[in-house]
Protein chains: 4
Amino acid sequence: MADGTIGVGMIGYSFMGAAHSQAWRSAGHFFDLPLDARMTAICGRDRAATEAAAAKLGWHDVETDWRELIARDDIQLIDICSPGDTHAEIAIAALAAGKHVLCEKPLANTVAEAELMVAAAQEARRHGVRSMVGFNYRRVPAVALARKLVADGRLGEIRHVRAQYLQDWIIDPQFPLVWRLQAERAGSGALGDIGAHIVDATQFIVGDRLAGVSGLTETFVKERPLPSSSSGLSAGSRGGTGAVTVDDAALFFGRFHGGALGSFEATRFAGGRKNAIRIEVNGSLGSLAFDFEAMNELHLYDGTAGTETGGFTRILVTEPEHPYLRAWWPAGHLIGYEHSFTHEIADLLADLGNHTDPSPSFEDGLQVQQVLAAVVESAAAGSHWQDLPAVTRNAA
Amino acid sequence: MADGTIGVGMIGYSFMGAAHSQAWRSAGHFFDLPLDARMTAICGRDRAATEAAAAKLGWHDVETDWRELIARDDIQLIDICSPGDTHAEIAIAALAAGKHVLCEKPLANTVAEAELMVAAAQEARRHGVRSMVGFNYRRVPAVALARKLVADGRLGEIRHVRAQYLQDWIIDPQFPLVWRLQAERAGSGALGDIGAHIVDATQFIVGDRLAGVSGLTETFVKERPLPSSSSGLSAGSRGGTGAVTVDDAALFFGRFHGGALGSFEATRFAGGRKNAIRIEVNGSLGSLAFDFEAMNELHLYDGTAGTETGGFTRILVTEPEHPYLRAWWPAGHLIGYEHSFTHEIADLLADLGNHTDPSPSFEDGLQVQQVLAAVVESAAAGSHWQDLPAVTRNAA
Amino acid sequence: MADGTIGVGMIGYSFMGAAHSQAWRSAGHFFDLPLDARMTAICGRDRAATEAAAAKLGWHDVETDWRELIARDDIQLIDICSPGDTHAEIAIAALAAGKHVLCEKPLANTVAEAELMVAAAQEARRHGVRSMVGFNYRRVPAVALARKLVADGRLGEIRHVRAQYLQDWIIDPQFPLVWRLQAERAGSGALGDIGAHIVDATQFIVGDRLAGVSGLTETFVKERPLPSSSSGLSAGSRGGTGAVTVDDAALFFGRFHGGALGSFEATRFAGGRKNAIRIEVNGSLGSLAFDFEAMNELHLYDGTAGTETGGFTRILVTEPEHPYLRAWWPAGHLIGYEHSFTHEIADLLADLGNHTDPSPSFEDGLQVQQVLAAVVESAAAGSHWQDLPAVTRNAA
Amino acid sequence: MADGTIGVGMIGYSFMGAAHSQAWRSAGHFFDLPLDARMTAICGRDRAATEAAAAKLGWHDVETDWRELIARDDIQLIDICSPGDTHAEIAIAALAAGKHVLCEKPLANTVAEAELMVAAAQEARRHGVRSMVGFNYRRVPAVALARKLVADGRLGEIRHVRAQYLQDWIIDPQFPLVWRLQAERAGSGALGDIGAHIVDATQFIVGDRLAGVSGLTETFVKERPLPSSSSGLSAGSRGGTGAVTVDDAALFFGRFHGGALGSFEATRFAGGRKNAIRIEVNGSLGSLAFDFEAMNELHLYDGTAGTETGGFTRILVTEPEHPYLRAWWPAGHLIGYEHSFTHEIADLLADLGNHTDPSPSFEDGLQVQQVLAAVVESAAAGSHWQDLPAVTRNAA
C-alpha cells in the first residue's frame, strides 16, 4: 500500500462474489479514493470454475486454497464471500497474517465463532490491521439519509421501529433442500440470512441497540426433495427427501435501550415479495418509512409542519446533497442494488487510506449475532423475553 | 323560506338524481345551515317509476310534468338532474318563475343555449333568484385545498396545468348505442361529459381561465349495436347498428391568461381507468398533484424546502383544518365521491340563506361550454388554435 | 316488527353515535331491506345535549335513562354506542327485555363481562332475540372481498398474517388525560381500542382464529395533564397531572389454529399515521394487502400467474360485482369510512328481517377479548406464550 | 475485430461520457458477448482535462482531435457523446472511414443534418459498417417488456399513448444561460433534449409511428444571466443577461398510423419532477403504465381478467425472465439508470459480433427529428396540424 494501491483477494464467486466484483471494479471510477484497489486474485476450490469466474469478474489471478491467497505478498485485503460456516477460520487466519478483512454477513454462524472473530479483529486492530462486516444496506443512500435525519434530531425521541424483510423463493414445497436450508451449513434460515439485515439496518438508523427480545420461529415445509447436486439453487432432485433444519420465518419484537419498541419479521414465504425490506421509524417529532422495492426513496413525516400541508414527503434520494449521490448521476436518475456494495468498497478504501477503522465492525457483527441467538433462545423458551448483553450503545 | 326552510323539487332520478338525493338528505345532519331543505317533490315522466324513486330516494311527492313542479308554491328551488338537452328550457322557466336553480353540468348542450341560460340567470339575479351549475369536483376537499394553496401563493407563478379524465366504460365495441353516444341527446361525448369537469376543476384550482386552445377528437368505434331499449346503459341490443355521433376521446392543450400552459385529455377508452381524474399544477415555487382514485389525498411539492428533505408531500386531506372536513370524522377517516355533492348542497343552502350568489355560476358554466366549443372548432380546423372570448378572470 | 318496521333506540351520541346515525338514515335508501328502521329515540344523560343531538342526527325522541329506552314498546332494537364500561349492563338488560342489540366494540372491558354478555345473548337467541357486535371494518368492501378470496382458495394455505393499526393522536405529551387513557373507564388503551379491530379483521379475512400469542405493551407517556373537563378529547387542563393507566402501544405475535403466523401492532404514537390499518396475508398460492388509507383498494398477488406479468394487482374495489358496491355508484367512484356502518346496519336489518343471526356475534366479540387479555397476560409474564381457549373455528 | 476484440474511441466526457464509460467497462462482465470491447482512447479538446477524464473513466489513451481518433487503426468504433451540433460531421467522417458509430441522441440538431447522416449510414451499411443512435431508455427492462407485451398482442388495438418527460432544473430564473439554452448550440430545448426520448420510447413500445402532430412551445424565462464560463451547468454569472433561444416546454398531440392518439409533454419547469418519464398506453384489451421514477416497475392492466380481481398489476421487472435481467441479480434486487447504457452497449456488441444491424438506426433517429421539426412548425403555424412524411412503419 506504499504506492497508493492495495491488492485484494476475494474468496467465493457466486451472488456475493459477483456483487463485490462489480463494486471493486467501479468504486474508483466514481469516488475519489486514497487507495487504488487491484483485483489481484480470486479463490475457489474448483480451478476451472474459478478461472472462468476470474475472467468473467475481472480478477487477475486464481487460487484454489484460501491459505495460499492469504499468504500472497501482493494481497493486503481479503474479501470473504464464501458461506457463513467458513467465515471464522478464514477471517481469523487473514487477520493473523496482517491482512485487512471484509467479511460478508452474517459475521459467523454462531455467537461463539463471532466472538473469536472479534477477538482476532481487536488484536489485529492494534497492529493497524482493519476489519469490516458487509451489511451493505447501510450504504443504500436512503438508509444513510434516514440515519442522518435521526441523528440530526428530526424525529425526536424514537418510539417505534418496525421492520420486515420478506422474500418468497422457497414458497414451493418442491423447491429442493439446498445448503441454505441446512443448519450445519447455513447456521440459520430466514432469521440469520435476512433478519440479520433488518436488525443491523434499524439499529444503524436509530443509532441505538436492542436491549431484549421475544421471538417465534417456524418451519412451514419440514421436508423437501434432496437437490440433484450440492451446488446452489438448482431445482432438480436426485430423489428422496430430507429434513429442513432451519427456520422458514422468524417474528420477534424487542426494546431498544433508549425505550423504543421494535417489531421484526423475516420470512421466505411472503408470496410476491421478492426482496422487500420495509422499515418504519416513529419518533416524538416525526417518522420515516423506507421500502427497498423503491430503494431510491425515503418518506419523511415532519410532525412540526402543521396539519394543513403535513404528511409524508417522498424524498427522491438522488440529489448531490444526499449520501453518496454526488458521485453518480444528475438528480432523478436512479441507482440500484449493486451500488450499495460500491459505496461499501469506497468507504472501506477511504478508511484504509485514511488509517481509520471502517464500520460496521466485527463487534457490530457480533452484536447482531447475539440478537439473532436471543431470538432463537426465546423461541425455544415459549417466546419468553431474553435480555441482551449490555453493550456500548452504537457510537458509529 | 320565511320560516327557515326551503322546498326543493328535483327533476331526474338516475345516477345524478340518486347522488343529489343523498346530499339533500345528509347536508343538514353534518353542516350548520341557515336553511332547512325539504325534499318536496321529484319529477319524472313515468309516474310509477318516479313514485318508486321518490320512495327510494326520500322525496315526499311526485310530479310527472316539470312545469307542474315549477308551479308549486311549496317549492323554492329546482334541482335539474335530467339530460343536457333539457337543461335550458327547464332552467329558464324555473328562473322566470322565481325559483332558485341548481343545474347539473354541462350547463347546456350548446353555447347558444348556455348563453340564454346566463341571460335568464342574470335577469333572475336582479330579483334575488339565484343559480348554480353543478361542478361537484370543486367540492372534493383535496381540490378545494389545492385552490387555497394556489391562492395563498404557495405555488408562485403557474407554469403548467395537466389534467386527464380517463374512463373505459365503452371500450367494448359491442357496448350499445346509448343516448350518451348520440349527439342530438348528449350534445358531446367524452369532451362534454368528462372533459368539462377537468376544464372547470383546473380553472378553479389555478384561479385563471383558458385564453385559447388547440384540439383533436376521435371516435374509435364508429358503429354500435342499437340498444334493446331507450333506457340507460342496458347492454342488450334490438338488432341492427347505428352511428356513434359523439367523440370517444378528446385531446387539447391551451394557454391560460396568466401564461400557464394547459394539457388536457378526456377519454372513455382508457382500459382499467374507471373514473380517473388526474390533475397536476406546476408553479415557480411548487407543484400540486391530485388523483381522484385517491381522492382524500393531495400531493404538494414545496420548491423552497431545500433538497435534503424536499419532495412531494402526501397530504391526507382529512384534518379538521381542511376544507369541509370539520363536519365529518376524525383525521384519517376517509370520505367518498358522494360527499362532493353534500358539500355542494351545503354551500348552496348557506349562500341562499345568506343571500349571496353561489358558485360556480351559470356564467362559469357558459365559459366551460365556450372552451369545449373551441376544442371542437379547432379539431374541425386541423387543430388550429382558437382564441377564447375575453372574459373576466375567475374571481370566485 | 309486524308491519315491516323496526323501532331503534340508540345510546350515546358522540363519534360512534354520529356514525351509526348516518348509517341508520342511509341504509334503506341504498339497500333493499326487509325491514324499515325508525330512528325512534336517542338516549343520553344530559337532556339538553341529547335533544340537540337528536335534532342534529335525526332521532324522533329523547330519553335520559337507558332503562326507559329499553322499556319503550315502540323500540325493538338497542344500539349501544356508549363507552365500553357500560356495555355489559345495558346489553344484558336489553336482551332480557327482548330487544335485539347492536353493541359497539369492544364488546366489554373485561373477559368476565363479555362472558356474561355471551350468556345473555345465547339465552335471548333461544327466543329469537338477536345480537351483534360492531366490528365495522368487516364491512369495508375491500376487507369483505379479501375474506371472499381467501375462502375461495385463491391464497392457498395461509402462512402469514401481519397487521398494524397506527394512530398518532396522543403523541404530544401535553395531550390531557382523557377517559380513554384511564383504565377504569376505557379498560384498555391502544390494544383494546384499535388492536381489537385488527384481531377481528384478520381472523375474519383468513377464516381462522389465533391459538396463542406473545405480547408486549408500553406506556410511553406515563403522566399527563388532567383534562379541564371530563368530556371528550378537549385539550385544556384544569391543572395538575395524573397517571396514564392504559397502554400507549401493544405489539404481539401469535399462531393461528391452521398454522399461520400472525404479527400485530397497535399504537397511538406513530407520527403521521392517522388511522392506518394495514393488513397483509401470505398464502401458499398468493397474497393480499390492504391499507385503510386507500380503503377502496385491495392488492392481490396471484402466485400462479407466472413471472413475466406477475405482481400485485391493485383492485379498485368499486365494481358492482364487489361486496356491497351494487348499492352505490358506478365503478371508480369511491366510498368512505361511514359506509362500513351503513353496510353493517343493512346486513343487520337483512338478518333481522330474514330471522337469521347476524355476524359478528357476541361470541366473536368475546373471543377477541380473550385474545386481548392473553396479550396483556403475556406482557405481564415476560412476553411468555399464552395459549388461547380452544374455540370452534370461525364459521361465519 | 479479427481477434474477437473491438477498439472503441469515445468523444466527450461529461454526463453522457461518464455513463457510456461505465457501460463499456461493465457490459462484458455481465453479458456473454461475441466481442470484447477495448476502451482504446477518449477524445476532448483540452488535453489536461481529457487525460484526467481518461484516468477517471478507464480509457487507455487520449486524443484532442476527433479526426485523429477516427484515423487510429486500433479503433473500430466511434462513440459520439459530444453536443448535438457536432454529431453530423463526426459521424459522417467516421462512417466514411469505415468505423462503426454509436451516436448519442438527438441524432442531429436539424433534419437536414440527420438526413445527411442517414445517407452516410446507408452507404456505410453496404460495406458492413454499422451505426446506432443512443435512445437508451429503450433498454430499461420495463420499457422493453412493455414493447414485448404490445407485440404479443396483450393490449389489443392501441387507442391511446400519453407521455410526459418532466424536469425542473432551470425553474429558477437566475439559472444562467448555459449552452443547452442557446439554439445555435443545442438546436432545441426541452423538445429536442427530452421530448425526443418520449417520442422514441412510445413509438418503440407500440411498434408504430406518428403520422401527424399539432404542437405548442413556450419559453417562460426569456432572458437569463450570462454564465461565468462556457462550461457546463455552472451557476455563476459573469454579469449581463442574454436571450434564451430554445423552448422551455413543448406540448403536442398526434395520431399514430395505426389510429392511436398520442399526447406528449416535455418541460424543464415541472417543480419537483427531476427526471420523470411517464408513459401510458391504452389498448382495446389492456393498458400499460410506466414511470421512470420507479423504473424497475411496469403496471399492466389485463382487460380480459374479469372485474372481481381486475386492476393494474405492478410487475417488479427484476425476474430472470424479463428483458436483460438474467444478467443481473436475483429477483427483487433493483437496477438503475446506468444499466440502460450497459444494455445498449451489450446489444450493440452482440449485433456487431453477429453482423446484424443494431437498433435504433440512424433512420430511426431521423424520424424522431422529423417529428420534433413538425412540432416546431405546428407551433409556429397556430398549432396547425402537420402531416409527417410517410415512412415504413417501425419494423424493429
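Axes here are lines fitted to C-alpha atoms, for helices over the stretch in contact, and angles run from 0 to 180 degrees between N-to-C directions. The model is predicted. The predictor gives the complex an ipTM of 0.95 and a pTM of 0.96. For chain A, the mean pLDDT is 95, and 95% of the residues reach 70 or more.

**Exercise 1. Describe how H6(D) and H8(D) pack.**

Step 1. Two packed helices are described by the angle between their axes and the distance between the axes.

Step 2. Locate the pair. H6(D) covers residues 141-151, and H8(D) covers residues 190-206.

Step 3. Read off the geometry. The angle is about 40°, and the axes lie 7 Å apart.

Step 4. List the contact. H6(D) contributes Val143(D), Ala146(D), Arg147(D) and Val150(D). H8(D) contributes Ala201(D), Phe204(D), Ile205(D) and Val206(D).

Step 5. Sort by class. The contact has 7 nonpolar residues, no polar ones and 1 charged residue.

**Exercise 2. Decide whether H9(D) is largely enclosed or not, and find what it packs against.**

Step 1. Check the length. H9(D) spans residues 338-353, 16 residues in total. From first C-alpha to last it reaches 23 Å, close to the 22 Å expected at 1.5 Å a residue.

Step 2. Apply the cut-off. A residue is buried if 20 or more other C-beta atoms lie within 10 Å of its own.

Step 3. Count. In H9(D), 12 of the 16 residues are buried, so the helix is largely enclosed by the rest of the structure. Among them are Phe341(D), Ile345(D), Leu348(D), Leu349(D) and Leu352(D). Glu338(D), His339(D), His343(D) and Glu344(D) are buried too.

Step 4. Find the partners. The buried residues pack against helix H1 (15-30) of chain D. They also pack against strands S1 (5-11), S2 (36-43), S5 (100-104) and S6 (131-134) of chain D.

Step 5. Look past the end. Just after H9(D), His355(D) takes a positive phi of about 55°.

**Exercise 3. Identify the relation between chains B and C, and describe their contact.**

Step 1. Superpose. A rotation of 180° with 0.0 Å of shift along its axis brings chain C onto chain B, with an RMSD of 0.0 Å. That is the relation of a two-fold axis.

Step 2. Find the residue of chain C closest to the rotation axis. Gly336(C) is the one, at 2.3 Å by its C-alpha.

Step 3. Compare the surfaces. In chain B, 100% of the interface residues of chain C are also interface residues, so the copies meet through the same surface.

Step 4. Break down the contact. Chain C gives 25 residues and chain B gives 25. On the chain C side, H1 (15-30) and H2 (47-57) each supply at least two. H1(C) gives the most, with 4 residues. By class, that side has 12 nonpolar, 9 polar and 4 charged residues.

**Exercise 4. Describe the chain A side of the contact with chain C.**

Step 1. Take the totals. The contact draws 32 residues from chain A and 32 from chain C.

Step 2. Name the elements. Those giving two or more residues on the chain A side include strands S7 (158-166), S8 (210-218) and S11 (249-256) of chain A. S12(A) gives the most, with 4 residues.

Step 3. Sort by class. This side has 12 nonpolar, 16 polar and 4 charged residues.

**Exercise 5. Place Leu388(C) and classify its exposure.**

Step 1. Locate the residue. Leu388(C) sits in the segment after strand S17 (386-387) of chain C.

Step 2. Count neighbors. With 18 other C-beta atoms within 10 Å, Leu388(C) is partly exposed.

Step 3. List contacts. Beyond four places in sequence, Leu388(C) touches residues including Leu210(C), Gln370(C) and Val371(C).

Terms used: Residues are numbered from 1 along each chain as its sequence is written. Chains are lettered from A and ligands numbered from 1 in the order in which they are written. This is a predicted model: local features need pLDDT of at least 70, side-chain atom pairs count only at pLDDT 80 or more; totals for chains, interfaces and linings use all residues. Copies are superposed by least squares on the C-alpha atoms of residues with pLDDT of at least 70 in both. Two residues are in contact if their C-beta atoms, placed from the backbone, lie within 7 Å. Ala, Val, Leu, Ile, Met, Phe, Trp, Tyr, Cys and Pro count as nonpolar, Asp, Glu, Lys and Arg as charged, and the others, Gly among them, as polar. pLDDT is the predictor's confidence in each residue, from 0 to 100. The expected span of a helix is 1.5 Å times one less than its number of residues.
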